[in-house]
Amino acid sequence: MMRNGVAAIFRRELSLAWAGGSGLFLPAAFFAGTIFLAPLGIGPEPRLLAASAPGLIFVALCLASLTTLERIFQADLEVGALDHHRLSGLSMELATLAKVAAHWLVSGLPIALLTPVAAVMMRAETVTLQSILPVFLGSITIFLWGGIGASLTAGLRRSGPLVALLILPLFVPVVIFGAEELNHVLTGQGFGAGLGLLAANSLAALAISPFAMSLALKLE
Amino acid sequence: MFSTFANPHRFLALSKWLMPLFAVLGAIIVATGWAWAFFFVPEELYQGATAKIMYIHVPAAMVSLAAYASMAVCSLLFLTLKHSIADVAAKSAAPVAAALSFICLVTGSLWGRPTWGTYWVWDARLTSMLFQLFLILGYMALRSAFQREQDAARAGAILCLVGAVNLPIIKFSVEWWNTLHQPAGFITLGGSSYAPEFYWPLWYNLIGIGLVFGALMMAAMRAEIFNRQYEAKLARMNRSAA
């Protein structure tokens with residue numbers, strides 16, 4: 001029953017995102033827009049662009065994740081869907097995790113898949129499909145931490161800027177390890193030490209985030 | 001043990017004389033400590049008089065770290081034991097901790113100009129202190145966004161604990177990224193690497209700043225408790241009038 005309930009929440013989130021239409025690709029579009037704007041500010045010099053590519057890609061990923069974060073729990077809280085999850089006896093930890101996972105699948109994964117395109121635009125030396133993996137791992141962590149910010153501010157109106165202030169410090173390790181690792185990949189050195197640290201970070205976020213989210217949503 | 005001090009009335013009675021005591025002692029120690037540091041401690045061999053900013057910088061850094069740690073402990077106690085005084089303590093420590101982090105960053109920046117040649121470097125310890133300041137500001141902003149005090153308390157406590165779990169990871173990642181700041185030397189496992197004429201004034205100033213922090217925190221806690229008592233009384237009066 002537990003597994004069915006969690007799967008139902010996951011499917012519901014996906015169909016809601018699908019029905020939302022244009023909102024679906026908003027974070028990916030935001031990500032692409034940031035990356036396309038950057039060369040106009042930095043200048044077209046290939047060496048300069050390639051050097052700033054890893055950092056810019058991760059910063060753009062963080063900012064793009066913020067665009068839709070507040071929607072993870074807010075609408076459900078307003079219509080009372082969260083109360084139903086709670087009353088159904090379903091574990092709130094799993095329910096919140098399912099919601100964040102669906103949200104990530106719709107908003108985070110497309111950004112990770114866009115990484116090679118972004119790297120080409122930023123004139124990176126060696127662009128391979130390997131470059132997807134650091135952003136993939138980083139985006140998981142970013143959405144899990146983001147979920148905490150979203151759950152803490154779910155009961156507030158216009159919480160966007162507040163969420164950004166709350167969770168930006170939590171993005172520091174992801175940006176550091178992620179940009180370092182992406183730099184490794186984009187300069188043709190293959191995977192480096194950062195990948196393990198990125199994965200460790202994702203696991204830490206996975207261990208902490210569901211409990212914090214369910215605690216934050218319990219007494220709203 | 002916790003429940004003994006969790007009683008607001010006992011806290012008010014205790015802090016009524018403890019707060020002024022801390023304030024007076026702290027003011028005396030800080031004043032004499034700075035006088036000691038500025039006029040009597042010999043000048044450092046390589047940095048000259050500029051190293052004396054250490055007597056503000058290091059105590060501010062250490063006490064602000066301790067203040068954040070105390071916020072985390074209070075948040076944990078509040079979430080597990082539901083003592084409202086733990087929440088009052090966490091809330092009251094936040095602005096003082098933020099101010100001390102800010103003092104630490106400003107003095108560090110001023111110290112960096114003559115010694116490193118620049119006001120700001122993206123060095124590991126400066127960066128983690130900057131993000132600690134952001135965590136505390138986020139905590140204060142989150143609390144102030146809620147209308148009801150119990151919502152603010154709960155959300156604040158969760159955020160503070162998540163931040164406390166993350167602070168070591170942030171610190172590690174930033175250290176991995178870049179290190180220029182001199183390694184910790186004042187208190188290490190192998191004893192202090194400071195000469196005694198620098199070591200003792202630093203301890204003295206640390207105690208002074210710690211006492212000032214304690215006094216400010218207790219004053220803020222008393223104000224918060226009085227405010228909550230007033231709100232509760234107002235609500236009761238409104239109910240009986242209606």
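Me: How are helices and strands assigned here, and in what order do the elements of chain B run?

Reply: Helices (H or I, at least four residues) and strands (E, at least two) are DSSP runs, numbered from the N terminus. In chain B the elements run α-α-α-α-α-α-α from the N terminus on. That is seven helices and zero strands. This is a predicted model: local features need pLDDT of at least 70, side-chain atom pairs count only at pLDDT 80 or more, and totals for chains, interfaces and linings use all residues. Residues are numbered from 1 along each chain as its sequence is written, with chains lettered from A and ligands numbered from 1 in the order in which they are written.

Me: How do I read the span of helix α3 of chain B?

Reply: The expected span is 1.5 Å times one less than the number of residues. Helix α3 of chain B (residues 54-81) has 28 residues. From first C-alpha to last it reaches 39 Å, close to the expected 40 Å.

Me: What follows α3(B)?

Reply: K82(B), with a positive phi. Most residues other than glycine have a negative phi. For K82(B), phi is near 65 degrees. K82(B) lies in the loop between α3 and α4 (84-116) of chain B.

Me: Is K82(B) buried or exposed?

Reply: Count C-beta atoms, placed from the backbone, within 10 Å of the residue's own: 20 or more others is buried, 12 or fewer exposed, in between partly exposed. K82(B) has 11 C-beta neighbours inside 10 Å, so K82(B) counts as exposed. In chain B, 36% of the 242 residues are buried.

Me: How do α7 and α10 of chain A pack?

Reply: Fit axes to C-alpha atoms over the stretch in contact; angles run from 0 to 180 degrees between N-to-C directions. Helix α7 (residues 132-152) and helix α10 (residues 194-218) of chain A pack at about 20 degrees, axes 8 Å apart. Therefore α7(A) is roughly parallel to α10(A); the cut-off is under 35 degrees.

Me: Which residues of α7(A) and α10(A) meet?

Reply: Contact means C-beta atoms, placed from the backbone, within 7 Å. Among those in α7(A) are L137(A), I140(A) and W145(A); among those in α10(A) are L198(A), L206(A) and M213(A).

Me: How many residues of chain A are in contact with chain B?

Reply: 20 residues of chain A contact 23 residues of chain B. Helix α10(A) gives the most to the chain A side, with five residues.

Definitions and conventions
Angles under 35 degrees count as roughly parallel, over 145 as roughly antiparallel, 65 to 115 as roughly perpendicular and the rest as oblique. Two residues are in contact if their C-beta atoms, placed from the backbone, lie within 7 Å.
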